[in-house]
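Visitor: I should like to take a close look at a single part of this structure. Would you please guide me through one helix and its surroundings?

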Amino acid sequence: MDDRRPDLAKRFALAAHSNAVLPILLVLEILETTIVPFPYEAIFVALCLAAPQRTWLFVAVTVAGSAIAGSILYSLGAGFAEPLARYLNVQEAVEAYKSTFSERGGALIFLGGLTPVPSYFVNLVAGATGYPFATFLALFSSSRFIRFALLGLLIHLFGEAILAQWSRLPIVVQRTILILFLAAVTWWSIAKL
């Protein structure tokens, strides 16, 4: 084996320090928030561990991606909810849901952005019910900021200790954990489709 070739961890660390990773991260967050639910947090955590000084930049890019994706879904909900409800003949159910959303919509939007549950449904419904866009965007973006800022802060505080513990593990254990993690991510992604 060539010792001059960096291992996977070193290559990932180089990528995490590259400016090319930022648009990729933005696109991944847009995809995750709109149509392809996958554990984005795993990528976010790995990048923050590989480049801890860029954690807040990764938080900013993630929140920007969430805001863009949330706006897209809001627009789709606003533009296509009525024709779809007429087509499915569920106008009465939609009207009943609109009144519920008008009473509790802010809390639903905030919780949808704060929790790891895919938020695309809440974003679509916000648009479909005519929830004020500026309020929607402020609630959703602030909840995403809180979520990823807390995650970034935890990585900032405990990341080095985690990496130190990881490096002490035998390579067989590291690989087993990685394989189990990849299997869990694959299962989770397929189950959410």
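Guide: What follows is an account of helix α7 and the parts of the chain around it.

The model is a predicted one. As a setting for the helix, the chain has eight helices and zero strands, and 34% of its 193 residues are buried. Among contacts between residues with a separation of 6 or more, 78% join residues 24 or more positions apart. Helix α7 itself covers residues 133–168.

Let us begin with the interior. The largest nonpolar core of the model contains 17 residues. Helix α7 supplies at least two of them, as do α2 (21–34), α3 (40–50) and α4 (55–88). The largest share, five residues, comes from α3. The residues with the most contacts inside this core are L25, Y40, F44, L47 and F58. As general background, nonpolar side chains in soluble globular proteins tend to be buried together.

Y40 shows how such a residue is surrounded. When its neighbours within four places in sequence are left aside, Y40 is in contact with L25, L28, E29, E32, T62 and F148. A second core, separate from the one just described, has nine residues, including F101, I109, V125 and F140.

V125 leads to the helix α6, which spans residues 120–128. Its buried residues are V122, N123, V125, A126 and G127. Just after α6, G130 adopts a positive phi of about 75°.

Next come the salt bridges, of which the structure holds two. In one of them, the side chains of R144 and E29 meet at 3.3 Å, N to O. Because R144 lies in helix α7 and E29 in helix α2, this pair ties together parts that are 115 residues apart in sequence. Both R144 and E29 are buried. E29 has already appeared above as one of the contacts of Y40.

In another salt bridge, E41 pairs with R147, and their closest N and O atoms are 1.8 Å apart. E41 belongs to helix α3 and R147 to helix α7, and the pair links distant parts of the chain, 106 residues apart. R147 has a relative accessible area of 11%; since buried means under 20%, R147 counts as buried.

A residue of another helix also meets this region. S71 lies in helix α4. With a relative accessible area of 17%, S71 is buried, because this value is under 20%. Leaving aside its neighbours within four places in sequence, S71 is in contact with F133, F136 and L137.

Finally, let us turn to the surface. The chain exposes about 11,600 Å², and carbon and sulfur atoms supply 73% of that area. A nonpolar surface patch of about 870 Å² is formed by W56, F145, I146, L150, L153, L154, L157, F158 and I162. Helix α7 gives the most to this patch, with eight residues.

I146 may serve as an example from the patch. This residue lies in helix α7. Its relative accessible area is 35%, a value between the limits of 20% and 50%, and therefore I146 is described as partly exposed.

To draw these points together, helix α7 supplies at least two residues of the largest core and gives eight residues to the nonpolar surface patch. The helix also contains R144, the salt-bridge partner of E29 in helix α2, and R147, the partner of E41 in helix α3.

Definitions and conventions. Residues numbered from 1 in each chain as written. Predicted model: local features only at pLDDT ≥ 70, side-chain atom pairs only at ≥ 80, totals over all residues. Heavy atoms only, no water. Core = buried A, V, L, I, M, F, W, Y, C linked by side-chain atoms within 4.5 Å. Buried < 20%, exposed > 50% of the residue type's maximum accessible area, 1.4 Å probe, protein only. Helix = DSSP H or I, 4+ residues; strand = E, 2+ residues; numbered from the N terminus. Contact = heavy atoms within 4.5 Å. Patch = residues over 30% accessible without salt bridge, like charges linked within 9 Å, V, L, I, M, F, W, Y side chains within 5 Å. Areas by Shrake-Rupley, 256 points an atom, 1.4 Å probe, with all protein chains shown as cover. Salt bridge = Lys/Arg side-chain N within 4 Å of Asp/Glu carboxyl O.
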